[in-house]
Amino acid sequence: MFNLHYKQFKNIENSKGGEVNHNTIFEYFQDGNEIWGKYKGGMIVEGKIEGVKTSENGFKISYSHINSKGELKTGNSNTEVSFTNDGKIILSEFWQWTDEENLKGKSTLIEV
């Protein structure tokens, strides 16, 4: 079981075509099954997350952000939650843009 409330994460891995990087910081909040958050840094000027818990170790989100080119980008992600040996949360995000290309990829975030 996981709780993301007031947890911050940084990106440690991302597929080609993703816009987040090690300079992007995510802040998550959770109330029961509801999940939301924000992110910025690197190529991301401002981003928002809305989602719902789907299992004991997973959740799905929709995200949107404005990148450094001034573009609005949107997508969806299914996330698997795991833990490091010292108890930090790892988020493995399987994402897909919702634009014409529908590019897919995977990002890995770790709790900071």
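Is Lys7 buried, exposed or partly exposed? In this predicted model, Lys7 is partly exposed, with a relative accessible area of 25%. The side chain of Lys7 takes part in a salt bridge with Glu111, and the closest N and O atoms of the two residues are 3.5 Å apart. Lys7 belongs to strand β1 (residues 7-14) and Glu111 to strand β8 (residues 104-111), so the contact ties together parts of the chain that are 104 residues apart in sequence. Glu111 has a relative accessible area of 14% and is buried, whereas its partner Lys7 is partly exposed.

The salt bridges number four by the rule applied here. Another of them joins Lys73 to Asp99, with an N to O distance of 3.6 Å. This pair also links distant parts of the chain, since Lys73 is in strand β6 (residues 72-83) and Asp99 is in the loop between β7 (89-97) and β8, 26 residues apart. Lys73 is buried, at 18% relative accessible area; the cut-off for this class is under 20%, so the value of Lys73 falls within it. Asp99, at 25% relative accessibility, counts as partly exposed. A further salt bridge is formed between Lys48 and Glu46, whose closest N and O atoms are 4.0 Å apart. Glu46 is partly exposed, with a relative accessible area of 32%.

Lysine side chains also meet aromatic rings. The charged end of Lys73, the residue that pairs with Asp99, sits over the ring of Trp97 at 4.7 Å from the ring centre. In a second contact of this kind, the charged end of Lys53 sits over the ring of Phe2, 5.1 Å from its centre.

Contacts between aromatic rings were examined next. A pair of aromatic rings is described by the distance of the centres and the angle of the planes. Eight aromatic pairs are found in a search of the whole structure. One of these is formed by Phe9 and Tyr28, with ring centres 5.6 Å apart and an angle of 90° between the planes, an edge-to-face arrangement. Phe9 is in strand β1 and Tyr28 in strand β2 (residues 25-31), and the pair links distant parts of the chain, 19 residues apart. Both Phe9 and Tyr28 are buried. The rings of Phe26 and Tyr39 have centres 5.0 Å apart and planes at 15°, so this pair is stacked. Phe26 lies in strand β2 and Tyr39 in strand β3 (residues 34-41); the two are 13 residues apart, and their pairing again links distant parts of the chain. Phe26 is buried, with a relative accessible area of 4%, and Tyr39 is likewise buried, at 3% relative accessibility.

Phe9 and Tyr28 also belong to an aromatic cluster that includes Phe2 and Phe59. Phe2, a member of this cluster, is the residue whose ring lies under the charged end of Lys53.

At the surface, Val45, Ile66 and Leu72 make a nonpolar patch of about 290 Å². Val45 is located in strand β4 (residues 44-55). With 48% relative accessibility, Val45 counts as partly exposed; exposed residues have over 50%, so Val45 does not reach that class.

Definitions and conventions:
Residues are numbered from 1 along each chain as its sequence is written. This is a predicted model: local features need pLDDT of at least 70, side-chain atom pairs count only at pLDDT 80 or more; totals for chains, interfaces and linings use all residues. Side-chain values use heavy atoms; hydrogens and water are left out. Helices (H or I, at least four residues) and strands (E, at least two) are DSSP runs, numbered from the N terminus. Buried means under 20% relative accessible area, exposed over 50%, partly exposed in between (1.4 Å probe, protein chains only). Patches are made of residues with over 30% relative accessible area and no salt bridge: like charges are joined within 9 Å, nonpolar side chains (Val, Leu, Ile, Met, Phe, Trp, Tyr) within 5 Å. Accessible areas come from the Shrake-Rupley method with a 1.4 Å probe; for residues, only the protein chains shown count as cover. Rings of Phe, Tyr and Trp (its six-membered ring) pair if their centres lie within 6.5 Å; planes under 30 degrees apart count as stacked, over 60 as edge-to-face and the rest as tilted. A charge sits over a ring if NZ of Lys or CZ of Arg is within 6 Å of the ring centre and within 35 degrees of the ring normal.
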